[in-house]
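This report describes the architecture of one protein model. Please keep the sequence and the three-dimensional view at hand while reading.

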Amino acid sequence: MSELLQFLFSGVTVGAVYALVALGFTIIYNASDVVNFAQGEFVMLGGMITFAAHAAGLPLPLAAISAIVLTAALGVGMNKLAIEPARGAPVVSLIIITIGASIFIQGAAQIIFGKQIHSYPAFSGDTPIGVAGATILPQSLWVIGGAVAVFIALWLFFTRTLLGRAVLATSNNRLAAQLVGINTNFVMTLSFALSAGIGALAGVLATPITLTAYNVGIAFALKGFAGAMLGGMGNPKGALVGGFAIGLIEALTAGYLSSTYKDAAAFVVILAVLFFMPQGLFGRKSTDRV
Amino acid sequence: MLTVEGLRSRYGRIEVLHGIDLQVNSGEIVTVVGANGAGKTTLLRCLSGVQPVSGGTVTFRGDQITTLAAWRRPARGLTQSPEGRQIFTNLSVEENLRLGAYGFADDRVDRDMEDAFQMFPILREKRNLSAGGLSGGQQQMLAMARALMGRPSCLLLDEPSMGLAPIIVSQIFDTVRGLKDLGVTVLLVEQNAFGALKIADRGYVMETGRIIMEGAAETLIADPRIREAYLGI
Ligand SMILES: Nc1ncnc2c1ncn2[C@@H]1O[C@H](COP(=O)(O)OP(=O)(O)OP(=O)(O)O)[C@@H](O)[C@H]1O
Ligand SMILES: [Mg+2]
């Protein structure tokens, strides 16, 4: 029983990271139909920049904030330099551009930060909290809380603010969005900034537990992508649930089968979703009549 | 109000507007009629700034807006109800209307929405439903109402009658006619030349990217060439 609880704790912790990555996917997908495979690199940068800034003497909170801001700025730059100039190209081309950006960011990170594995102290110490025979790290609570807070903030943004609806409108019908006076380029810029910032936050929160290195991005991207697919691409609620589900599946696979298979779990989920439920758990029902 | 001079536009290397001259005066309903593929939609896309202009100028209320970004035009008083309605299908009817007034955040937004519901009562009934589930006629009403939410001094209307049952078409044309009394200037593009000319003050006839005729609506309706080519009489 306590063993199961232990696996669940670790599943929820990584699941929260995947949920944040999946939310990042969701935002850019909603604004542009593009699946941004550089999303995992934002996670890596969040951890890496925090590490570097902290090592350079900045207090941890300040280092974390600067990592989020810098990564968001990089997301904006990526949109301006790589995505916006290719507007009008088929979505597949744009997705390939994001893969290119991902490889580029990874290469640059390797040069700037080196090949070593990095980390920094947990925010609230390393003393595990005991719960019913199992333990959870305080940093896990930070990660889980971060995912839930980001989800609530996004939900409010999309359902309660005019700007949030403008983002949804832009994804639904770009032409009509322009015709009602929405600056669709700004919406794209905003989406990349938000998405990159959220990815960086995931890295900032997770690194004390997962550690970081220049090449951790791909795994985050694939698992976050699996979560987003499972939940239904484009649906924030789906991203949250899907991300947690992937984390749990992974932890239970590692716990009860073998940790050799844990990475395969995400791929099995992607394939199963593609085969049996292409819309995902919360996929949009198509109500378009025309 | 709106002056178009020598307007040219192209898709890739193929020019489809070969120098359009057109004038819309304040308070008028002006219609551009023409067959399938004449370039009417392209003209309106240029006026709204969502289609590049390769020559000529567009002047609106005294300002040159030829290259003004599309998203800045509604705030100048120029909005469009586009061909094919282009409503936001996954948002509710009310959200569609609210986005029509995207540039505004004052009390008038609520009053305008009330007016829109008065004009199209069916939209009030369906206000919380997804716009994608509306019938074709209802979607057309929503597209027009959304464009009116932007407080246009000049409304561009692209084929509001397309694909609708005759009874709905006449209802839509009546509504357009009524806009005149509300002080909205209208540029109406139609394949349904007869219906459009009946409610318009003046008309232009467009053929393969050129204006080939212009005049008072009643003159055009009475013209034998027009009657034969466009009115099927
Ligand atoms: N996206 C496009 N790419 C290439 N050519 C286009 C495109 N859209 C329209 N055209 C061409 O431009 C010309 C004018 O088209 P446009 O849609 O402006 O005509 P229209 O008068 O609005 O026709 P309709 O009455 O059918 O709506 C046509 O020859 C059409 O084939
Ligand atoms: Mg047309």
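Which residue in E4(B) is the bridge partner of Leu2(B)? In this predicted model, the partner of Leu2(B) within E4(B) is Phe60(B).

## The four-stranded sheet of chain B

The pair just named belongs to an open sheet of 4 strands in chain B, ordered E2-E1-E4-E5 and paired in the antiparallel sense. Strand E2 (14-24) and strand E5 (63-64) of chain B stand at the edges with a single partner strand each, so one side of each has no neighbour in the sheet. As a general point, the strands of a sheet pair through backbone hydrogen bonds, and they do so either parallel or antiparallel.

Strand E1 (residues 2-11) and strand E4 (residues 55-60) of chain B run antiparallel and are joined by 5 bridges. E1(B) also pairs with E2(B), again antiparallel, over 8 bridges. E1(B) and E2(B) form a hairpin with 2 residues between them, and Gly12(B) in the turn has a positive phi of about 60°.

The table lists some residues of this sheet with the residues that they face.

| Residue | Residue opposite or bridge partner | Strand of the partner |
|---|---|---|
| Leu2(B) | Phe60(B) | E4(B) |
| Leu2(B) | Val24(B) | E2(B) |
| Thr3(B) | Thr59(B) | E4(B) |

A helix covers part of this sheet: H1(B) packs on it, touching E1, E2 and E4 of chain B, and its direction makes about 110° with that of E1(B).

## The six-stranded sheet of chain B

Another open sheet in chain B has 6 strands in the order E6-E7-E8-E3-E9-E10, with mixed pairing. Its edge strands are E6 and strand E10 (210-216) of chain B, each of which pairs on one side only. From one strand to the next, the twist averages 15°.

Within this sheet, strand E7 (residues 154-158) and strand E8 (residues 185-190) of chain B run parallel and are joined by 5 bridges. One of the residues concerned is Cys154(B), whose bridge partner in E8(B) is Thr185(B). Helix H6 (residues 136-149) of chain B packs on the sheet, where it touches E6 and E7 of chain B; the direction of H6(B) makes about 175° with that of E6(B).

H1(B) appears here as well. This helix lies across strand E3 (29-34), E6, E7, E8 and strand E9 (202-207) of chain B, and runs at about 150° to E7(B).

## Helix H1 of chain B and the magnesium ion

Which residues coordinate the magnesium ion (ligand 2)? Thr41(B), through OG1, and Glu83(B), through OE, do so at 1.8 to 2.1 Å. Thr41(B) lies in helix H1 (residues 40-48) of chain B, whereas Glu83(B) lies in the loop between strand E6 (78-81) and helix H3 (93-100) of chain B, so the pair ties together parts that are 42 residues apart in sequence. Glu83(B) is partly exposed, with a relative accessible area of 29%.

Thr42(B) also lies in helix H1 of chain B. This residue counts as buried because its relative accessibility is 7%, under the limit of 20%. Apart from neighbours within four places in sequence, Thr42(B) is in contact with Ser9(B), Tyr11(B), Val16(B), Leu17(B) and Gln51(B).

## Cysteines

The structure holds 0 disulfides over all chains. Why is Cys154(B) not bonded to Cys46(B)? The sulfur of Cys154(B) is 15 Å from that of Cys46(B), the closest cysteine sulfur, and this is too far for a bond. A disulfide requires sulfur atoms within 2.5 Å. Cys46(B) is buried, with a relative accessible area of 0%, and Cys154(B) is buried with a value of 0%.

## Nonpolar cores

In soluble globular proteins, nonpolar side chains tend to be buried together. In this model, the largest nonpolar core has 90 residues, of which Phe25(A), Ile182(A), Phe225(A), Phe88(B) and Leu99(B) touch the most other members. Helix H1 (residues 2-32) of chain A gives the most to this core, with 14 residues. Apart from this core lies another, of 45 residues, which includes Ala101(B), Ala131(B), Ala143(B) and Leu197(B).

Phe225(A) can be examined individually. Not counting residues up to four places away in sequence, Phe225(A) touches Phe25(A), Val35(A), Phe37(A), Met233(A) and Ile270(A).

Notes:
Residues numbered from 1 in each chain as written. Chains lettered and ligands numbered in written order. Predicted model: local features only at pLDDT ≥ 70, side-chain atom pairs only at ≥ 80, totals over all residues. Heavy atoms only, no water. Core = buried A, V, L, I, M, F, W, Y, C linked by side-chain atoms within 4.5 Å. Buried < 20%, exposed > 50% of the residue type's maximum accessible area, 1.4 Å probe, protein only. Contact = heavy atoms within 4.5 Å. Donors = N, O, S within 2.8 Å, 3.2 Å for Na, K, Ca; no water. Pairing = 2+ DSSP bridges. Axes fitted to C-alpha atoms, helices over the stretch in contact; angles between N-to-C directions.
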